[in-house]
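Trainee: I'd like to learn how to read a model like this one, feature by feature. Could you walk me through it?

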Amino acid sequence: MPAVFEDFVTVPGVCEVVYTPPRAGAPTLLVELPHGATRTADYEATRVRLTGTLPENLEAFFYVNTDIGTPESAQWLGEALAAEGYGTLILRCLVPRTFIDCNRVVLGAPAGAVVDGLTPAFAAYIEEPADQALLAEMHACYHALTERAYRRLCGAGGLALQLHSYAPRSVGIDRIDGQIVIALRRAYEAAVYETWPERPAVDMICADGEGTMWSSPELVGAVRAAFAAINVDARENETYKLHPATMGYQYARAYPGQVLCVELNRGLLAEPFVPFGESPISPTNVERMTRPLAVALSQALARQVR
């Protein structure tokens, strides 16, 4: 009997839960948005709880570094799958990665250091011990819920999608500290920005640095084919690899072949992409960039019913 998730409820300030039950006997897809705090209100709700001094205009870092478009894509995906009778459990993290990154392992993580292109769990500017404790508690609360969802769904053979979006170019920042806003504004100056490498429209992060494939090759191939059908080039592991410092890697390794991590280019979701402010998300762009995921995931879910 397929798992049900009526006991998963929103945790204010930590995780927003949206559960759409499937038709009788059909499977449910877990959709995790670990960087789903995309609204100014999400930033302000966490910021007001912190007591330490933070860099001036830190909200500029928030806007450029949060996964805009992913909540809208998750909603579109959920509605598309519901139309076919499939369920979705969408977990949207509400804790901005500006303060603590809920897609990072906290224990042993060096504050502020960018490792292998990955920003840290804690920025160096989170110096107040009480703030560090509060944020670590929020991180733990989010993963208590998330881990339970993976265990219940993937532990029974189900599928999970980790959905992210990234900036159109890989901007060279090597430390997240009190100078981050200044460093980012310099990096985004027109003449400098054009020197940074462009990122793919879609990148599936499905293998680790050793080349071990943790996602289903069949599903990865289906996603690539679905995007190719609309003339969008979906790549594999071009921007990042699955890294032990990420919680995404931990879940993918715990459930090999059942978890797929996808990065969508923000420039293809927003209209336009605004680095240091709220980017308007285009419903047309969201549909275009999400429909191929729905096609591939629907096929994978159909195989579970047989």
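## Reading the model together

Mentor: Happy to. Start with Arg148, which is partly exposed, with a relative accessible area of 25%. Keep in mind that this is a predicted model.

Trainee: Where does Arg148 lie, and which residues is Arg148 in contact with, leaving aside its neighbours within four places in sequence?

Mentor: Look for the secondary structure element, then for the partners. Arg148 belongs to helix H4, residues 129-153. Once neighbours within four places in sequence are set aside, Arg148 touches Asp7, Phe8 and His143. Phe8 is 140 residues away from Arg148 along the chain, yet the two C-alpha atoms are separated by 9.3 Å.

Trainee: Let me try another one. Is Thr40 buried or exposed?

Mentor: The cut-off you need is that buried means under 20% relative accessible area. Thr40 has 17%, so Thr40 counts as buried. You'll find Thr40 in helix H1, residues 40-47. Apart from neighbours within four places in sequence, Thr40 is in contact with Phe62, Tyr63 and Glu278.

Trainee: And what is the relative accessibility of Gln162?

Mentor: Gln162 comes out at 2% relative accessibility and counts as buried. Gln162 sits in strand S4. Leaving aside neighbours within four places in sequence, Gln162 contacts Glu32, Tyr150, Gly248, Tyr251, Val259, Leu260, Cys261 and Val262.

Trainee: Gly248 and Tyr251 caught my eye there. Which residues of H8 are buried?

Mentor: Those two are on the list: the buried residues of H8 are Met247, Gly248, Tyr249, Tyr251 and Ala252. For a helix, the next step is to see what lies over its buried residues. For H8, the cover includes strand S2 (28-33), H4, strand S4 (159-166) and S7.

Trainee: How do I read a helix by its sides? Which residues of H5 are buried?

Mentor: List the buried residues, then see how far around the axis they spread. In helix H5 (residues 180-187), the buried residues are Ile180, Val181, Leu184 and Ala187. They cover an arc of only 125 degrees around the axis, so they are on the same side of H5. Their packing partners are helix H2 (59-64) and helix H6 (190-193).

Trainee: Now for pairs of helices. At what angle do H3 and H9 pack?

Mentor: With a pair, read the angle, the distance between axes and the handedness, then the residues. Helix H3 (residues 70-83) packs on H9 at about 45 degrees, with the axes 9 Å apart. H3 and H9 are therefore oblique to each other. The crossing of H3 past H9 is right-handed.

Trainee: Which residues meet in the contact of H3 with H9?

Mentor: From H3 come Glu72, Ser73, Trp76, Leu77, Ala80 and Leu81, and they meet Val286, Glu287, Thr290, Arg291, Leu293, Ala294, Leu297, Ser298 and Leu301 in H9. By chemistry, the residues of this contact divide into nine nonpolar, three polar and three charged.

Trainee: How does H7 cross H9: right-handed or left-handed?

Mentor: H7 passes H9 in a right-handed crossing. The axes of helix H7 (residues 217-228) and helix H9 (residues 283-305) come within 8 Å and cross at roughly 145 degrees. On the H7 side you have Glu218, Leu219, Ala222, Val223, Ala226 and Phe227, and among the H9 residues they meet are Met289, Pro292, Leu293 and Arg303. The residues of the contact divide into twelve nonpolar, one polar and two charged.

Trainee: What should I look for in the backbone itself?

Mentor: Look for the exceptions, because most residues other than glycine have a negative phi, and most peptide bonds are trans. Asn231 has a positive phi of about 65 degrees, although it is not a glycine. Asn237, also not a glycine, has a positive phi of about 55 degrees.

Trainee: Where do Asn231 and Asn237 lie?

Mentor: Asn231 is in the loop between H7 and strand S6 (234-236), while Asn237 is in the loop between S6 and helix H8 (247-254). Check accessibility too: Asn231 counts as exposed at 73%, whereas Asn237 is buried at 12%.

Trainee: And which residues does the cis peptide bond join?

Mentor: The cis bond joins Glu271 and Pro272, with omega at about 0 degrees. Pro272 is in the loop between strand S7 (259-265) and H9.

Notes:
Residues are numbered from 1 along each chain as its sequence is written. This is a predicted model: local features need pLDDT of at least 70, side-chain atom pairs count only at pLDDT 80 or more; totals for chains, interfaces and linings use all residues. Side-chain values use heavy atoms; hydrogens and water are left out. Buried means under 20% relative accessible area, exposed over 50%, partly exposed in between (1.4 Å probe, protein chains only). Helices (H or I, at least four residues) and strands (E, at least two) are DSSP runs, numbered from the N terminus. The arc is that of the directions from the helix axis to the C-beta atoms. Contact means heavy atoms within 4.5 Å. Axes are lines fitted to C-alpha atoms, for helices over the stretch in contact, and angles run from 0 to 180 degrees between N-to-C directions. A crossing is left-handed if the near helix is turned anticlockwise from the far one by less than a right angle, and right-handed if clockwise. Ala, Val, Leu, Ile, Met, Phe, Trp, Tyr, Cys and Pro count as nonpolar, Asp, Glu, Lys and Arg as charged, and the others, Gly among them, as polar. Angles under 35 degrees count as roughly parallel, over 145 as roughly antiparallel, 65 to 115 as roughly perpendicular and the rest as oblique.
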